[in-house]
Amino acid sequence: MELTPRQLEELRLGALTAIDGLWFLEVESAYGFEAALELDLEVWKKYGLVVLKRMARMLGLDLTSGPPPDLETVNFLMENICRIDGTECRGEVRGGEVLFRVTRCSWWENLKRAGRERVVPCEDIDNTIFRHWLEAVDPSLDFEITASLPRGDSFCEWVIRRR
């Protein structure tokens with residue numbers, strides 16, 4: 001008996017979201033929702049920095065010195081950090097901004113399955129985490145959520161631009 005590489009990948013993706021959800025629920029049970037959310041945001045901010053550093057190293061990018069990366073590189077980094085957990089997304093550089101669209105979000109799907117989509121402030125989490133990650137790539141980057149699954153849109157959409 002053997003698992004295929006695809007099955008192992010599905011297990012990895014599921015494990016990432018499961019461990020986050022289980023961790024959150026345990027902290028919430030012990031310390032309350034607000035404390036769990038605050039700690040979860042800090043963990044995810046740091047997680048993203050670790051992943052971005054690893055990606056940059058793999059790609060031979062230096063995000064700590066020299067000129068900031070171009071928007072194509074920013075888009076590449078954001079697409080791939082999101083895809084790690086099974087998120088389906090695509091960004092498109094248009095002029096001086098990136099139009100970034102998430103068509104499938106494993107986190108949103110998990111929240112809905114757990115009946116917690118109205119409890120967990122998804123957009124607040126995105127605003128905190130992605131802003132933190134983008135600032136690590138280039139402190140002049142900012143983003144705005146223009147559509148969102150929690151608002152009832154069929155996708156999430158962000159506009160990433162330099163201030």
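## Exercises on a predicted fold

With a relative accessible area of 30%, Arg161 is partly exposed. That label is used because 30% sits between the two cut-offs: buried means under 20% relative accessible area and exposed means over 50%, worked out with a 1.4 Å probe and protein chains only.

Before you dive in, note that this is a predicted model, where local features need pLDDT of at least 70, side-chain atom pairs count only at pLDDT 80 or more, and totals for chains, interfaces and linings use all residues. Residues are numbered from 1 along each chain as its sequence is written, and side-chain values use heavy atoms, with hydrogens and water left out.

**Exercise 1. Find the salt-bridge partner of Arg161, and say where each of the two residues lies.**

*Step 1.* Get the cut-off straight: a salt bridge here is a side-chain nitrogen of Lys or Arg within 4 Å of a carboxyl oxygen of Asp or Glu. Side chains of opposite charge can pair when their charged atoms come close.

*Step 2.* Arg161 pairs up with Glu144, and their closest N and O atoms are 3.5 Å apart.

*Step 3.* Now place them: Glu144 is in strand S3 and Arg161 in strand S4, so this pair, 17 residues apart, links distant parts of the chain. Helices (H or I, at least four residues) and strands (E, at least two) are DSSP runs, numbered from the N terminus.

*Step 4.* Check the cover on the partner: Glu144 is partly exposed too, at 40%.

**Exercise 2. Compare two more salt bridges, Glu79 with Arg83 and Glu135 with Arg163. Where does each pair sit?**

*Step 1.* The whole structure has 16 salt bridges, and these are two of them.

*Step 2.* For Glu79 and Arg83, the closest N and O atoms are 3.8 Å apart. The two are four residues apart in helix H3, which means about one helical turn separates them. In general, an α-helix has 3.6 residues a turn, so residues three or four places apart point the same way.

*Step 3.* Look at the surface: Glu79 is buried at 6%, while Arg83 is partly exposed at 37%.

*Step 4.* For Glu135 and Arg163, the closest N and O atoms are 3.0 Å apart. Glu135 lies in helix H5 and Arg163 in the segment after S4, so this pair ties together parts that are 28 residues apart in sequence.

*Step 5.* Glu135 is partly exposed at 33%, and Arg163 is exposed at 58%.

**Exercise 3. Which residues touch the most other members of the largest nonpolar core, and which element supplies its largest share?**

*Step 1.* A nonpolar core is a set of buried Ala, Val, Leu, Ile, Met, Phe, Trp, Tyr and Cys residues joined through side-chain atoms within 4.5 Å. In soluble globular proteins, nonpolar side chains tend to be buried together.

*Step 2.* This core has 38 residues, and the ones touching the most other members are Leu52, Met78, Ile81, Phe100, Trp133, Trp158 and Ile160.

*Step 3.* At least two core residues come from each of H1, H2, H3, S2, H4, H5, S3 and S4. H2 gives the largest share, with eight residues.

*Step 4.* Zoom in on Phe100: beyond its neighbours within four places in sequence, its contacts (heavy atoms within 4.5 Å) include Met78, Cys82, Cys89, Trp158 and Ile160.

**Exercise 4. How many disulfides does the structure hold, and why is Cys89 not bonded to Cys82?**

*Step 1.* A disulfide is a covalent bond between the sulfur atoms of two cysteines. The test used is a pair of cysteine sulfur atoms within 2.5 Å.

*Step 2.* The count is zero.

*Step 3.* Cys82 has the closest cysteine sulfur to that of Cys89, but at 4.7 Å this is too far for a bond. Cys89 itself is buried, at 8%.

*Step 4.* Try another: the sulfur of Cys105 is 5.7 Å from its closest cysteine sulfur, in Cys122, again too far for a bond. Cys105 is buried as well, at 13%.

**Exercise 5. Is Thr17 buried or exposed, and what does it touch?**

*Step 1.* Find Thr17 in helix H1, which covers residues 5-31.

*Step 2.* Its relative accessibility is 11%, so Thr17 counts as buried.

*Step 3.* Leaving out residues up to four places away in sequence, Thr17 touches Ser106, Trp107 and Asn110.

*Step 4.* Turn to H4 itself: Ser106, Trp108 and Leu111 are buried there, and the cover over the buried residues of H4 includes H1, S2 and H5.
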